[in-house]
Amino acid sequence: RYTADLNEARQRCNVEQTRAEHIESRIQSFTERRKKLDEAQSDANADDLKSEYEELAAQELRKRQSRDEFERHLADINEKVRKLREQDQKLTRLVDERRATLQSAEGKFASLEALQKAALGEGDGDIQSWLEGAGLDGNRKVAQSLDVADGWEKAVETVLGSYLQAVCVNDIASVTETIGKLNAGSVMLLQHNSDDIESPGLSTTLAGLVSGAPRAVQAVLEQVQIADSLHGALRIRDGLDDQGSVITADGVWLGKHWLRVSREQAGKAGVLSREHDMRRLKNEVRELQARFNSARKLLKDGRTRLNQLEERREAIQQDASSLLNEYSETKASLDAAKYRRDQADARRTAIAEEAGELGNDQIGAEEQLRDSRRAFDQATERVAELEGQRESLETRREELRDELLRVRGQAEEDRQSVQDI
C-alpha cells in the first residue's frame with residue numbers, strides 16, 4: 001500500500017509539474033500575443049488617419065461646392081442658350097416674313113412706278129435724253145408735286161391733262177438756251193419755286209382741293225368750280241360765263257356751251273391716284289424697311305449673344321471638366337482614406353476584442369497555474385511524508401527480517417534437535 005501511495009503521489013507531482021509547465025507556456029504565448037497586439041494597436045494610429053480623412057473631406061466639400069456652382073452656372077447658360085435659340089427661330093421667321101412683305105411692297109411700288117413713268121412720258125427716249133442734257137432729269141413732274149383731296153383726283157386729271165407731264169423748273173429763261181437740242185417730241189416746262197408763297201384757292205373751285213401746284217396750274221384750277229353731283233354741276237352751269245366751267249368728282253367737266261368727259265386708256269388714267277398710291281406705298285416701304293432692319297438687327301444681335309454664350313459655355317465646360325477631374329481624384333482619395341479609417345477602426349475593435357479575450361484567457365490560465373501549483377505542492381508534501389515513513393518502515397522491515405531469520409534459525413535448530421533424538 002505504501003508503495004502504491006508513493007507512486008501515486010510521485011505521479012501526481014509529475015502531472016501537476018507538466019501541467020504547470022504547459023500553463024506557463026500558454027501564459028507566455030498570451031503575453032507575447034498581447035505585446036504584438038499592443039504594437040499593432042500603436043501602428044493603427046487613429047489620429048493620423050482621422051486628420052487625413054478630415055483634411056480630404058474638407059477638400060472634397062470645397063471642390064464639390066465649386067463643381068455644383070459650375071453646374072448651376074452651366075445650367076443657367078444652357079437655359080439662356082435654349083431661349084436664345086428659340087428667339088433666333090422666331091426672329092428668323094419674323095425676318096423672313098418682313099422681307100417677303102417688304103419685297104412684295106417694293107414689287108408693287110416698282111410696278112406702279114413703271115406705269116407712272118409711262119403715263120408721264122418718261123418712256124420717250126428723245127425727251128429723256130434732252131432732260132438729262134439740260135440737267136432736268138431729276139426734276140419733279142407736276143403730277144408728282146400735287147397733293148389732291150381724296151376723291152377728286154379724276155377731276156384734277158381731267159382739267160390738267162398734259163399739264164400733269166410738265167416738268168417743274170426754277171427758271172424758264174435759263175432753260176431756253178437748250179431748247180435747240182430737242183430734236184423730236186414735245187415737252188412742257190412750268191416755273192415752280194418751292195419758296196413761292198402759295199395763295200389758297202377758293203373752296204368752291206378745284207384749286208381749293210389741291211396743294212403744291214405751280215402758280216400756272218393753280219391759275220387754271222381757280223377757273224374751275226366744283227360740284228358734288230352732275231345735277232349740281234348743271235345748276236351751276238346756268239350761272240357760268242363763257243370762260244367759266246364746273247366739274248364733278250368723277251371727271252364730268254361742263255362749260256357754258258360744252259361738256260367734256262375723259263376716259264383715257266390704261267396707263268394714262270389715274271395718274272394722280274397712282275401718284276397718291278405711290279406716295280403711300282413709298283411710306284409703307286420705308287416703314288417696312290425700318291421694321292425689317294429692326295428685326296434683322298435683333299436677329300444679328302441675338303446671334304452674336306448666342307455665339308458669345310456658346311463660347312462662354314464651351315470655356316466653362318472645359319473648366320468644369322478640369323474641376324470634375326480634380327473632384328473625382330479628391331473623392332477617390334477621400335473614399336480610400338475612409339476605407340483605411342474604417343479598416344483601422346475595425347482592426348482596433350478586433351484587437352480590443354482579442355486583447356479582452358486574451359486577458360480573460362490569461363486570467364483563467366493564471367488561476368489554473370495557481371491550482372496546479374497548489375496540487376503540486378500537496379503532492380510534493382505527500383511524497384515527502386511518504387518518504388519520511390519509508391525509513392521507519394525499512395527499519396521495521398529489517399527488524400522483521402532479523403526476527404524471521406532468528407525464527408528460521410531456531411526452527412532449524414529445533415528440527416536438528418528432533419532429528420538428533
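Ser245 stands opposite Gly255 in β7, and that pairing is a handy way into this predicted model. Around it you will find a four-stranded open sheet, a nonpolar core of 27 residues and two cavities of 30 Å³ or more. Here is a friendly tour, topic by topic.

**The sheet and its strands**

- The open sheet runs in the order β5-β6-β7-β8, and its pairing is mixed.
- β5 and β8 (259-261) are the edge strands; each has a single partner strand, so one side of each lacks a neighbour in the sheet.
- From one strand to the next, the twist averages 25°.
- β6 and β7 are antiparallel and share three bridges.
- These two strands make a hairpin with three residues between them, where Gly251 adopts a positive phi near 90°.
- β7 (residues 252-255) is also antiparallel to β8, again over three bridges, and this pair forms a hairpin with three residues between the strands.
- Across the β7 and β8 pair, Val252 sits opposite Val261, while Trp253 has Arg260 as its bridge partner.
- In a regular strand, side chains alternate between the two faces of the sheet.
- β7 can be read that way: Val252 and Leu254 point to one side, Trp253 and Gly255 point to the other, and all are buried.

**Helices against the sheet**

- α5 lies across β5, β6 (245-248), β7 and β8, and its direction makes about 140° with β6.
- Helix α8 (residues 230-237) also packs on the sheet, where it touches β5, β6 and β7.
- The direction of α8 is at about 15° to that of β7.

**A closer look at α5**

- Seven of the eight residues of α5 are buried, so the helix is largely enclosed by the rest of the structure.
- The buried residues are Glu153, Ala155, Val156, Glu157, Thr158, Val159 and Leu160, a list that includes charged side chains such as Glu153 and Glu157.
- Just after the helix, Gly161 has a positive phi of about 55°.

**The nonpolar cores**

- In soluble globular proteins, nonpolar side chains tend to be buried together.
- Here the largest nonpolar core holds 27 residues, and Leu146, Val156, Leu206 and Leu221 have the most contacts inside it.
- At least two residues of this core come from each of α4 (142-145), α5 (153-160), α7 (215-221), β5 (224-227) and α9 (271-420).
- α5 contributes the most, with four residues.
- What does Leu206 touch, beyond residues up to four places away in sequence? Its contacts are Trp152, Ala155, Val156, Val159, Leu221, Val224, Ile226 and Ile247.
- A second core, separate from this one, has twelve residues, among them Val95, Leu102, Leu281 and Leu288.

**Thr248, a residue of β6**

- Is Thr248, which lies in strand β6, buried or exposed? Its relative accessible area is 3%, under the 20% limit, so Thr248 counts as buried.
- Setting aside neighbours within four places in sequence, Thr248 is in contact with Trp152, Ala155, Ala227, Ser229, Leu230 and Ala233.
- Trp152 and Ala155 are also on the contact list of Leu206.

**Cavities**

- How many cavities of 30 Å³ or more does the structure hold? There are two, and the largest encloses about 70 Å³ of space.
- The lining of the largest cavity consists of Ala143, Leu146, Asp147, Val148, Glu153, Leu272, Glu275, His276 and Arg279.
- β1 (147-148) and α9 each supply at least two of these lining residues, and α9 gives the most, with four.
- Two of the lining residues tie in with earlier topics: Leu146 is among the residues with the most contacts inside the largest core, and Glu153 is one of the buried residues of α5.

**Along helix α9**

- Arg286 is placed in helix α9.
- With 48% relative accessibility, Arg286 counts as partly exposed, because the partly exposed class runs between the 20% and 50% limits.
- Arg286 and Glu391 are 105 residues apart along the chain, and their C-alpha atoms are separated by 151 Å.

Definitions and conventions
Residues are numbered from 1 along each chain as its sequence is written. This is a predicted model: local features need pLDDT of at least 70, side-chain atom pairs count only at pLDDT 80 or more; totals for chains, interfaces and linings use all residues. Side-chain values use heavy atoms; hydrogens and water are left out. A nonpolar core is a set of buried Ala, Val, Leu, Ile, Met, Phe, Trp, Tyr and Cys residues joined through side-chain atoms within 4.5 Å. Buried means under 20% relative accessible area, exposed over 50%, partly exposed in between (1.4 Å probe, protein chains only). Contact means heavy atoms within 4.5 Å. Two strands pair if DSSP finds at least two bridges between them. Axes are lines fitted to C-alpha atoms, for helices over the stretch in contact, and angles run from 0 to 180 degrees between N-to-C directions. On a 1 Å grid over the protein atoms alone, a cavity is a set of points where a 1.4 Å probe fits but cannot get out, and a pocket is an open set with protein on both sides within 12 Å along at least five of seven lines; lining residues have an atom within 4 Å of a point. Grid points are joined across faces, edges and corners, and a volume is the space filled by probe spheres set on the points.
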